Amino acid sequence: MRGSEILERMADSTSEDVAVIGNTDFAAADLHNNTINTMTEEGVLKKMEISVSEAEKRTGKNAVNMQEIYTVYLIETRPVDAITEGQSTAPDSLWRRYSEFELLRNYLLVTFPYIVVPPLPEKRAEFVWHKLSADNMDPDFVERRRIGLENFLLRVASHSVLSKDKIFYLFLTQDDGWKDVVYDTGFQAKADSRLKALNATFRVKNPDKRYTELKHYSDELQSVISQLLRVRAKVADRLYGVYKVHGNYGRVFSEWSAIEREMGDGLQSAGHHMDAYAASVDDILEEEEHYADQLKEYLYYSEALRAVCRKHELIQYELEMAAQDLVSKKQQREELATGTVRTFSLKGMTSKLFGQETPEQREAKLKVLEEQIVEGEELVKTSNAECDEYVRNAWIDIDRFKEQKNQDLKEALISYAVMQISMCKKGIQVWTNAKECFSKM
Amino acid sequence: MTAVFVVFVYVQDALMNQYKLEEQDIKDVFITVDCPENHVTSIETFVTYRVITKTTRSEFDSSEYEVRRRYQDFLWLKGKLEEAHPTLIINPLPEKFVMKGMMERFNDDFIETRRKALHKFVNRIADHPILSFNEDFKVFLTAQAWELASHKKQGPGLLSRMGETVRTVAASVRGVQNRPEEFTAMIDYVETFSQKMGMLDKIAQRTVKEQKEYLEGMKECGPVYTLWSGSEDQLVEPLKAIAGCIDNCCKVTEEQVAGLSENQVPILHEYVLCAETLKAVLRRRDNIQAEYESKVDALANKKADKENLKHTDLSFVFGGFLGKNTEEAKQQKEQRLDCEMKELKEEIGRLEDKVECANNTLKVDWERWKRNMQGDVKSAFVDMADTNMNYYKKCLAIWESFLTSQKTDVHLEKDTDS
């Protein structure tokens, strides 16, 4: 299963050892806290096996008090050491719906803006070819979503930074009241407004060149994967048509064989092979859907990448604003001190029109400005530090992401080739059998 | 007239027996139809085909002939053969008009398809034990253009041909009374065969259409992968490799589509037309029998009239009007009836032979046709299977070479599970 493959690979890529939870002399609450701390210190995946194993439909009242049907997913967790010690304990489990996953992700996005946060599986079915239902209640869609959600959890759990987050751990383990805990963190207040971010994008003067290039890359990636998914969906539709037409041969051969003496048997058996051929396309296209899902993950990853770039632009912009503000304040101080007006200011104009200010007023102003300049220098210093730290941290995760992306996509391409090979082999077999039947006519 | 006809029947029988003895046809007439050329006159534009005949038969003056023929000439030949042998099964000509429009007539693909079909048409006639000896066929193969034109003008005049048509229509309106069971079985068979062939023809054409659409879609994929490789660094090589594989698969798909269009589709289409030929042949046989039956009925009527003559008094009335002696009138009438009955009996004898001949030739030719049909259909579908097998084999090789180029063996193991 794909999930466990990722598990293996990611477990290999980090170097931490599995640690055992300490001795049992604590009270229950302390034990719980201790567990949380240990988990979040060491990183969740080292300690737990995670899976999203089932999906179920529920009915309930929504925000506007209307009946709705929604799907919940069963998250099962089991401590790793329980397995390694040969005990087969029943896993802990709880049900979560898609909107809770969204909440978790939004929290992570705001809390770790310098991380390329793994995406969720798509909210609505996109790039469908005609046979596939675009309905969120469709069992195939639900199944693929289940796999996607598991994939999401495993990616977060194996991330060196994200896996240590307490909210994530509670998402996996705390049945009741998790939502309240998340909201209590106040993460929503920390979120940058879209307007602010957009403004920064347009006005920033000297963003880090690497991030500009990265943003272009993420745009290109998004565009090209969208195109690919669109074309793939069209091809899938056409392939379906080709295979299904052959199903008609089966029917007509069978009817025709009724009036033929010598050819009858050959026709009948050939007809069966034609039916098998037509039916085989369903499995083929289902496998291809997995390939599409792999592409979709990176389509949505490109958005996460862009978010990290935008955050950099915002921080850089704020730094530039602070620096600019400092420069202008220093200039004002100079003007005030020397009495020359180099820059236009309303105050300057009014004072010229209505009379000069008194030396006491000027002193007071200078003093205020000095304080502001000190504050401003402080701000520039911290903004600079923040910017540097962000650039540094984000680039670490970006490098990690690039490695992961190259590996995942290469594997996806290879699995695509493997799928094509399997399809060809099936085709060869069917037509070899059919040819045999035809030869006997 | 009767004597000549009887000889004709015996000659035909002899030929048929000879055919039955020699199951393998010894091919001694080889014909090729090629080199289509446009001809432009002041009135029209048409295409002619070169027809080359090589033969060792003594009936032919020379061993090699080259002539040019147009579609109309083939039509004429078919008509003459049907006239001479109404119950032999003559494989169909390609269709006269194409649905899409008249300009299609000069389209290269259309001409090539037609040329192949015409080639098949004349060769089947050459392979036929009876048809290949037909005089008109010989003229078709050997005469120069003007000779053929003048030969076409000969033959039964317009009036006699009209008479023939009238009789045929009358017979078909009348319908046959006592059709032998085996021919009814043939009619039922042809009905179903025609339906199924029609469906298969449509399915084959639809398959080609769907495959072409799939190809169009696939052609868009390669370029996207290539485009993508432009944005990447590590992934450039596999992305370009995939694009290459897809493009190669597209080429293979084109070959497959061409293969299906050229081999399988025309054969199925030909047999759709063939079904119509069979229906026409069975109708003609029915008409021959109907004609015979109508004469038999006429004879029976005359006999009944003669019987009535002895008992009725009407003739006495009749004769009274004309001032004749009743006895004399009766005798005259009786004599006339006897004469008519004699003529009818002769005609019935002739028609009876005609019916038997028609039935026999049809029966034998039916078996021959069925054998050919089985062979053709079998080879058409075996070809289809081969075309598709080759398609998948080539695609398999392309994708396997991709895997090798990526230097992975871990996934080939997974492959053996499926």
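These are my notebook entries on two chains, A and B, of a predicted model.

**Entry 1: chain A as a whole**

I began with the secondary structure of chain A, which holds 15 helices and 3 strands. I then looked up burial and found that 46% of its 441 residues count as buried. For the accessible surface of chain A I noted about 22600 Å², with 51% of that area belonging to carbon and sulfur atoms. I also checked how the contacts of chain A are spread along the sequence. Taking contacts between residues at least 6 apart in sequence, I recorded that 76% join residues at least 24 apart.

**Entry 2: chain B as a whole**

I repeated the look-up for chain B, whose secondary structure comes to 11 helices and 3 strands. I wrote down the order of its elements from the N terminus: α-β-β-β-α-α-α-α-α-α-α-α-α-α. The 3 strands thus follow one another after an opening helix. Chain B has 418 residues, and buried residues make up 43% of them. Its accessible surface is about 22700 Å², and carbon and sulfur atoms account for 55% of that. In chain B, 76% of the contacts between residues at least 6 apart in sequence join residues at least 24 apart.

**Entry 3: salt bridges across helix α13 of chain A**

I next turned to charge pairs. Side chains of opposite charge can pair when their charged atoms come close. I obtained a count of 54 salt bridges over all chains, and I looked at several of them in turn.

The pair I examined to begin with was Arg306(A) with Asp219(A), where the closest N and O atoms are 2.7 Å apart. Arg306(A) lies in helix α13 and Asp219(A) in helix α11 (residues 209–257) of chain A, so this salt bridge ties together parts that are 87 residues apart in sequence. I asked myself whether Arg306(A) is buried or exposed. Arg306(A) is buried, with a relative accessible area of 13%. Asp219(A), at 33% relative accessibility, counts as partly exposed.

I then took the salt bridge between Glu377(A) and Lys330(A), for which I noted 3.2 Å between the closest N and O atoms. Glu377(A) belongs to helix α15 (residues 359–439) of chain A and Lys330(A) to helix α13, so the pair links parts 47 residues apart in sequence. Glu377(A) is partly exposed at 37% relative accessibility, and Lys330(A) is partly exposed at 32%.

**Entry 4: further charge pairs in chain A**

I looked up Glu436(A) and found its side chain in a salt bridge with that of Lys440(A), at 3.6 Å from N to O. Glu436(A) is partly exposed, with a relative accessible area of 46%, whereas Lys440(A) is exposed at 62%.

I also recorded a network of salt bridges that links Glu122(A), Arg144(A), Asp293(A) and Lys296(A).

**Entry 5: a negative patch on chain A**

Which residues gather in a patch of negative charge on the surface? I listed Asp140(A), Asp283(A), Glu286(A) and Glu287(A). I then asked which helix gives the most to this patch. Helix α13 (residues 281–338) of chain A does, with 3 residues. I confirmed that Glu286(A) is found in that helix, α13. Residues enter such a patch only if they form no salt bridge, so the four acidic residues listed here stand outside the salt bridges of the preceding entries.

**Entry 6: His216(A)**

I placed His216(A) in helix α11 of chain A. His216(A) counts as partly exposed, at 47% relative accessibility. I checked the spacing to Gln227(A), which is 11 residues away from His216(A) in sequence. The C-alpha atoms of His216(A) and Gln227(A) are 17 Å apart in space.

**Entry 7: Met341(B)**

I closed with one residue of chain B, Met341(B), which has its place in helix α10 (residues 326–405). Is Met341(B) buried or exposed? At 7% relative accessibility Met341(B) counts as buried, because the limit for burial is under 20%.

I then looked up what Met341(B) touches, leaving aside its neighbours within four places in sequence. Its contacts are Leu299(B), Lys302(B), Lys303(B) and Lys306(B). I also noted the spacing to Asn301(B), which is 40 residues from Met341(B) along the chain. The C-alpha atoms of Met341(B) and Asn301(B) are separated by 9.7 Å.

Conventions
Residues are numbered from 1 along each chain as its sequence is written. Chains are lettered from A and ligands numbered from 1 in the order in which they are written. This is a predicted model: local features need pLDDT of at least 70, side-chain atom pairs count only at pLDDT 80 or more; totals for chains, interfaces and linings use all residues. Side-chain values use heavy atoms; hydrogens and water are left out. Patches are made of residues with over 30% relative accessible area and no salt bridge: like charges are joined within 9 Å, nonpolar side chains (Val, Leu, Ile, Met, Phe, Trp, Tyr) within 5 Å. Accessible areas come from the Shrake-Rupley method with a 1.4 Å probe; for residues, only the protein chains shown count as cover. Lys and Arg count as positive and Asp and Glu as negative; His and the chain ends are not counted. The place of a charge is taken as NZ of Lys, CZ of Arg, CG of Asp or CD of Glu. Helices (H or I, at least four residues) and strands (E, at least two) are DSSP runs, numbered from the N terminus. Buried means under 20% relative accessible area, exposed over 50%, partly exposed in between (1.4 Å probe, protein chains only). Contact means heavy atoms within 4.5 Å.
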